[in-house]
Amino acid sequence: MILNLNTKEKLFLLDALKEKADSKEKAALIRKIERSLKPIAKKSAKAKGHEWQKEICEMISRITKIPFDQSSDESQIRSREGSLNGADIVLTGAAKAKFPYCVECKNVAAISLPEWVRQAESNADRGDNWLLFIKSPQFSMKKIAVIPLSLFERLFTQS
């Protein structure tokens, strides 16, 4: 089971536990809460995000049957570097023809769905041709995909 607490709730719980930290279990819980309050280093966050992008590239490769090789400049499926503008996954040639979507990837603890949808929409060639992949401990299944309703309907009426 996952328990999501905001910072204020964590601090309240931490204070309560520290008042009477008389067991190993309480001490371990205090350390876990204190660790969760420390922000992730920017370099670690970028690496975590890039790994998620590569996982999505591998999934697109399986779907399209087009090889993914991040180290090859010839690869039709690539993960965009974090500092560059545009969609997180770069598709060219046959990969773009088989998977014609603008892909955004987010690997985060805190959810900012409206902001991410706006980002995906602004990066898409056509306003409703975007996909948003989110990996977060906030979700019980950890990984989800978000698509516009119009795209969902098109996908199911084409089959």
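Serine 36 sits in helix α2 of this predicted model. With a relative accessibility of 38%, serine 36 counts as partly exposed. Its C-alpha atom is separated by 40 Å from that of lysine 96, and the two residues are 60 residues apart along the chain.

Helix α2, which covers residues 24–37, also holds arginine 31. Arginine 31 is partly exposed, at 48% relative accessibility. Together with Lys32, Arg35 and Lys38, Arg31 forms a positive surface patch.

**Salt bridges**

Side chains of opposite charge can pair when their charged atoms come close. The model holds five salt bridges; the table gives three of these pairs.

| Salt bridge | N to O distance | Relative accessible area |
|---|---|---|
| Lysine 18 – glutamate 34 | 3.0 Å | lysine 18: 44%; glutamate 34: 30% |
| Aspartate 22 – lysine 26 | 3.4 Å | aspartate 22: 54%; lysine 26: 27% |
| Lysine 135 – glutamate 55 | 3.8 Å | lysine 135: 25%; glutamate 55: 27% |

In the pair of lysine 18 and glutamate 34, the closest N and O atoms are 3.0 Å apart. Lysine 18 belongs to helix α1 (residues 7–19) and glutamate 34 to helix α2, so this salt bridge ties together parts that are 16 residues apart in sequence. Lysine 18 is partly exposed, and glutamate 34 is partly exposed as well.

Aspartate 22 and lysine 26 meet through their side chains in another salt bridge. Here aspartate 22 is exposed, whereas lysine 26 is partly exposed.

The salt bridge between lysine 135 and glutamate 55 has its closest N and O atoms 3.8 Å apart. This pair links distant parts of the chain, with lysine 135 in strand β4 and glutamate 55 in helix α3, 80 residues apart. Lysine 135 counts as partly exposed, as does glutamate 55. Glu55 and Lys135 are joined with Lys143 into one network by salt bridges that share partners.

**Nonpolar core and nonpolar patch**

The largest nonpolar core has 17 residues, of which Ile56, Ile60, Ile77, Ile89, Leu91, Phe99 and Val103 touch the most other members. At least two residues of this core come from each of α3 (42–64), β2 (89–91), β3 (102–107) and β4 (130–135). Helix α3 gives the most, with four residues.

On the surface, Leu149, Phe152, Leu155 and Phe156 form a nonpolar patch, and their accessible area together is about 440 Å². Phenylalanine 156 lies in helix α6, residues 149–158. With a relative accessible area of 57%, phenylalanine 156 is exposed.

**Positive phi values in loops**

Most residues other than glycine have a negative phi. Lysine 65 has a positive phi, near 65°. Lysine 65 is placed in the loop between α3 and β1 (77–79), and its relative accessible area of 68% makes lysine 65 exposed.

Lysine 142 likewise has a positive phi, of about 70°, although it is not a glycine. Lysine 142 is found in the loop between β4 and β5 (143–146). With a relative accessible area of 35%, lysine 142 is partly exposed.

Methods
Residues numbered from 1 in each chain as written. Heavy atoms only, no water. Patch = residues over 30% accessible without salt bridge, like charges linked within 9 Å, V, L, I, M, F, W, Y side chains within 5 Å. Areas by Shrake-Rupley, 256 points an atom, 1.4 Å probe, with all protein chains shown as cover. Salt bridge = Lys/Arg side-chain N within 4 Å of Asp/Glu carboxyl O. Lys, Arg positive; Asp, Glu negative; His and termini not counted. Charge placed at Lys NZ, Arg CZ, Asp CG, Glu CD. Buried < 20%, exposed > 50% of the residue type's maximum accessible area, 1.4 Å probe, protein only. Core = buried A, V, L, I, M, F, W, Y, C linked by side-chain atoms within 4.5 Å.
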